[in-house]
Amino acid sequence: MVFRPRDLASRMAGRRKPVDGYLRETFTLPRDEARARARDFLDRYPKAAYMSSVESWRELPGGDIEFTMRRLASAD
């Protein structure tokens, strides 16, 4: 079976998450900096107004933390 760039593009488009109104930012930082960055994000975009949260996180082999922060585009 021969794959074309168009086939890959179609497969990737099918994997996209649906548009749900959230803005996401992904960071890769050392543990202490990751903690400070998440605190800063939640201070700037409080959960009550923006429904902010840490959507996902993982520890990488080098000890860095990769995490995704999520918030609504604007407050009501």
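# Helix α2 and its surroundings

The buried residues of helix α2 pack against two strands, β1 (22-29) and β3 (65-72). This is a predicted model, and helix α2 is a convenient place to start reading it.

Helix α2 runs over residues 31-44, which makes 14 residues. At 1.5 Å a residue the helix should span 20 Å, and its end C-alpha atoms are indeed 20 Å apart, so the expected and computed spans agree. Which residues of α2 are buried? They include A34, A38 and F41. These residues cover an arc of only 60° around the axis, which puts them on the same side of α2. The spacing of such residues follows a general rule. An α-helix has 3.6 residues a turn, so residues three or four places apart point the same way. The face of α2 turned away from the buried side carries D32, R39 and D43, which are exposed.

The buried side of the helix leads into the interior. The largest nonpolar core has 10 residues in all: F27, L29, A34, A38, F41, Y45, Y50, I65, F67 and M69. Three elements, β1, α2 and β3, each give two or more residues to this core. A38 shows how the helix meets its surroundings: leaving aside residues up to four places away in sequence, A38 touches F67 and M69. A core of this kind fits a general tendency. In soluble globular proteins, nonpolar side chains tend to be buried together.

Some members of the core are aromatic. How many aromatic pairs does the structure hold? There are 3 aromatic pairs. In one of them, the ring centres of F41 and Y45 lie 5.1 Å apart and the ring planes meet at 55°; this angle makes the pair tilted. F41 and Y45 are both buried. In another pair, the rings of Y45 and Y50 have centres 5.2 Å apart and planes at 80°, so this pair is edge-to-face. Y50 is buried, as is Y45. Together, F41, Y45 and Y50 form one aromatic cluster.

The charged side chains come next. The structure has 8 salt bridges. One of them joins E59 and R31, whose closest N and O atoms are 3.3 Å apart. This pair links distant parts of the chain, since E59 belongs to strand β2 (residues 53-59) and R31 to helix α2, 28 residues apart. Is E59 buried or partly exposed? At 47% relative accessibility, E59 counts as partly exposed. R31 is also partly exposed, at 37%.

A second salt bridge lies within the helix. D40 pairs with R44, and their closest N and O atoms are 3.5 Å apart. D40 and R44 are 4 residues apart in helix α2, so about one helical turn separates them. With a relative accessible area of 34%, D40 is partly exposed. R44 is partly exposed as well, at 37% relative accessibility.

A third salt bridge connects two strands. E55 and R70 have their closest N and O atoms 3.8 Å apart. E55 sits in strand β2 and R70 in strand β3, so the pair joins distant parts of the chain, 15 residues apart. E55 is partly exposed, with a relative accessible area of 30%, and R70 is partly exposed at 22% relative accessibility. E55 and R70 are also part of a network of salt bridges that includes D20 and R24.

Strand β2 also contains S53. Is S53 buried or exposed? Its relative accessible area is 18%, and the limit for buried is under 20%, so S53 is buried. Apart from residues up to four places away in sequence, S53 touches L42, T68, M69 and R70. Two of these names have come up before: M69 is a member of the largest nonpolar core, and R70 is the salt-bridge partner of E55.

The last stop is the loop between α3 (47-50) and β2, where M51 is found. Its backbone is worth a look. Most residues other than glycine have a negative phi. Phi of M51, however, is near 55°, a positive value in a residue other than glycine. M51 is partly exposed, with a relative accessible area of 43%.

Conventions:
Residues are numbered from 1 along each chain as its sequence is written. This is a predicted model: local features need pLDDT of at least 70, side-chain atom pairs count only at pLDDT 80 or more; totals for chains, interfaces and linings use all residues. Side-chain values use heavy atoms; hydrogens and water are left out. The expected span of a helix is 1.5 Å times one less than its number of residues. Buried means under 20% relative accessible area, exposed over 50%, partly exposed in between (1.4 Å probe, protein chains only). The arc is that of the directions from the helix axis to the C-beta atoms. Contact means heavy atoms within 4.5 Å. A salt bridge is a side-chain nitrogen of Lys or Arg within 4 Å of a carboxyl oxygen of Asp or Glu. A nonpolar core is a set of buried Ala, Val, Leu, Ile, Met, Phe, Trp, Tyr and Cys residues joined through side-chain atoms within 4.5 Å. Rings of Phe, Tyr and Trp (its six-membered ring) pair if their centres lie within 6.5 Å; planes under 30 degrees apart count as stacked, over 60 as edge-to-face and the rest as tilted.
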